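The following note sets out numbered remarks on the structure for a colleague's consideration. The points proceed from strand pairing to helix packing and then to the chain as a whole.

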Amino acid sequence: MTTVAFTPGTEARFALARHVADAVLFEGYVLYPYRASAAKNRLRWQFGVLVPPSWSAAAEEHDFQLTECLMEPRTGAQLAVEVRFLRAQRRTVEELREDGTFAPTGELRLADRVLVPWDEGVEERVTLTVPVADLRGDGTALPFTRPAAEEAEEVTDPDGRVLGRLVRRREEISGTLRISAAELDGPYRVERLTVTVENTSAWTAEPDTDRHAALPYSLVATHTLLRLDGGSFLSMTDPPEWAKGAVAACRNLHTWPVLAGEPGRDDLMLSSPIILEDHPAIAPESPGALYDATEIDEILALRTAALTDEEKREARGTDARAAAVIELADTMPPEVLERLHGAVRSLQSVTGPPTPAGDILEPETPWWDPGGDTGVDPGSDHVLVDGREVRAGSRVVLRPRLRRTDAQDLFLDGRTALVEAVLHDVDGGVHVAVTVEDDPGADIRREQGRFLYFQPDEVEPLEDE
């Protein structure tokens with residue numbers, strides 16, 4: 001039996017962890033521009049791929065994952081385990097011939113989609129609940145199998161006329177989940193939990209077999225969720241001092257466990273092929289899955305909305321999830337897109353009252369008080385360049401130097417600019433803040449204080465100043 005029903009409490013906790021686990025499951029599933037023809041979408045499945053043993057011996061990929069972590073279970077505690085992975089479902093496209101038979105084709109063009117061959121990802125789960133006491137010693141092993149299957153779906157035009165069909169084929173895959181626990185010596189009641197996920201599929205790779213042929217027999221994006229109904233897990237990245245030696249002795253191969261769920265609770269663990277921090281979370285601004293992990297949602301949304309109609313047709317025909325991305329980008333309200341522009345979560349007030357823990361100290365004065373430091377004034381300070389005063393309002397020619405600039409600054413060589421301020425840093429250095437003349441965004445830069453900065457020897461005062 002490879003699927004068990006969790007208790008409502010465990011299911012609720014796992015549902016919380018799956019928000020992040022879904023990002024692991026579908027990381028890189030289909031990348032911008034979300035078309036099968038894009039070069040980046042021709043080499044699929046990059047993370048957590050457990051290949052068949054016959055292929056693992058010939059390739060630099062693995063047929064197992066090993067997780068070891070520390071836990072402090074209470075008496076009578078049960079451990080719930082959920083292994084999740086994708087199964088590569090190979091989809092081919094066939095067109096209807098005049099004689100009524102179907103023949104493979106490279107594409108089938110519809111009014112709103114262009115259907116092409118593609119490997120779809122089907123989510124699979126292997127679940128288990130076991131008393132922690134039963135895991136000591138040899139532990140338990142749970143073999144699982146997913147049988148082969150084939151399905152055909154007719155493709156019709158708006159009038160219901162059959163144009164072709166999609167044939168989806170899944171190969172048989174097998175695996176084993178092994179779990180054991182061992183009590184550690186010492187004054188603390190702590191145990192090392194070991195979880196191994198293996199691909200045991202019997203498929204045999206031929207000498208010239210490539211990765212594409214092995215994928216239908218692989219466990220893709222494999223990761224494991226763990227939950228104790230009584231007790232806690234220890235952080236593997238920031239363990240208590242007394243547990244650091246035991247944490248260092250744990251082995252984690254092709255995966256890494258972190259505490260999951262909301263901060264402050266430690267009953268959940270996510271072992272992921274992508275290294276995460278404890279209590280990872282999806283940014284609340286993210287409007288939906290874009291399959292590039294937790295990054296660049298704004299750029300992806302804008303670039304996707306700018307695809308041509310033909311590119312969007314191919315994306316819609318590539319995969320149902322790609323079609324959902326196109327729909328998301330095309331219907332995203334302006335206020336949602338605006339939220340993607342950025343958010344700052346790492347700043348804390350240094351002038352408000354201290355927290356109950358007392359870890360924020362309130363300074364008596366700001367770090368720099370313009371009224372209390374009359375020796376520095378960016379708006380009126382000046383610096384001598386070639387014997388001439390350069391200050392706010394001066395016009396200069398930019399001469400960036402190679403030893404301390406970047407490629408973007410080099411494009412400004414010879415351009416004229418307006419000095420906005422002359423600033424002094426705490427190390428005694430002087431920086432000239434400028435806006436480039438003829439820059440259509442100069443007013444916005446000036447309003448936001450987002451200037452370009454150069455050293456005094458990187459500017460030349462204009463002769464007419």
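1. In this predicted model, strand E18, covering residues 395–398, is joined to strand E19, covering residues 416–424, by three bridges. The two strands run antiparallel. Within this pairing, Val397 of the one strand has Thr416 in E19 standing opposite.

2. The pair E18 and E19 belongs to an open sheet of five strands, whose order is E21-E20-E19-E18-E22 and whose pairing is antiparallel. Strand E21 (452–454) and strand E22 (459–461) occupy the edges; each has a single partner strand, so one side of each is left without a neighbour in the sheet. On average, and with direction ignored, neighbouring strands of this sheet are turned by 50 degrees against each other.

3. A further open sheet, likewise of five strands with antiparallel pairing, has the order E7-E10-E11-E1-E13. Here the edge positions fall to strand E7 (140–146) and strand E13 (231–233), and because each has a single partner strand, one side of each lacks a neighbour in the sheet. The average turn between neighbouring strands of this sheet is 25 degrees, direction ignored.

4. Inside the sheet just described, strand E1 (residues 64–73) and strand E11 (residues 191–199) run antiparallel and are joined by eight bridges. Cys69 stands opposite Leu193 in E11.

5. As to helix packing, the axes of helix H5 (residues 297–305) and helix H7 (residues 320–331) come within 9 Å and cross at roughly 90 degrees. Crossing angles of 65 to 115 degrees count as roughly perpendicular, and H5 is therefore roughly perpendicular to H7. On the H5 side, the contact is made by Ala301, Thr304 and Ala305; on the H7 side, by Val325, Ile326, Ala329 and Asp330. Sorted by class, the residues of this contact comprise five nonpolar, one polar and one charged.

6. Which secondary-structure elements does the chain contain, and how many of each? The chain has 10 helices and 22 strands. Of the contacts in the chain with a separation of 6 or more, 68% are accounted for by residues 24 or more positions apart.

7. Two figures on accessibility complete the note. Of the 465 residues in the chain, 45% are buried. The chain exposes about 24,700 Å², and carbon and sulfur atoms supply 51% of that area.

Definitions and conventions: Residues are numbered from 1 along each chain as its sequence is written. This is a predicted model: local features need pLDDT of at least 70, side-chain atom pairs count only at pLDDT 80 or more; totals for chains, interfaces and linings use all residues. Side-chain values use heavy atoms; hydrogens and water are left out. Two strands pair if DSSP finds at least two bridges between them. Helices (H or I, at least four residues) and strands (E, at least two) are DSSP runs, numbered from the N terminus. Axes are lines fitted to C-alpha atoms, for helices over the stretch in contact, and angles run from 0 to 180 degrees between N-to-C directions. Angles under 35 degrees count as roughly parallel, over 145 as roughly antiparallel, 65 to 115 as roughly perpendicular and the rest as oblique. Contact means heavy atoms within 4.5 Å. Ala, Val, Leu, Ile, Met, Phe, Trp, Tyr, Cys and Pro count as nonpolar, Asp, Glu, Lys and Arg as charged, and the others, Gly among them, as polar. Buried means under 20% relative accessible area, exposed over 50%, partly exposed in between (1.4 Å probe, protein chains only). Accessible areas come from the Shrake-Rupley method with a 1.4 Å probe; for residues, only the protein chains shown count as cover.
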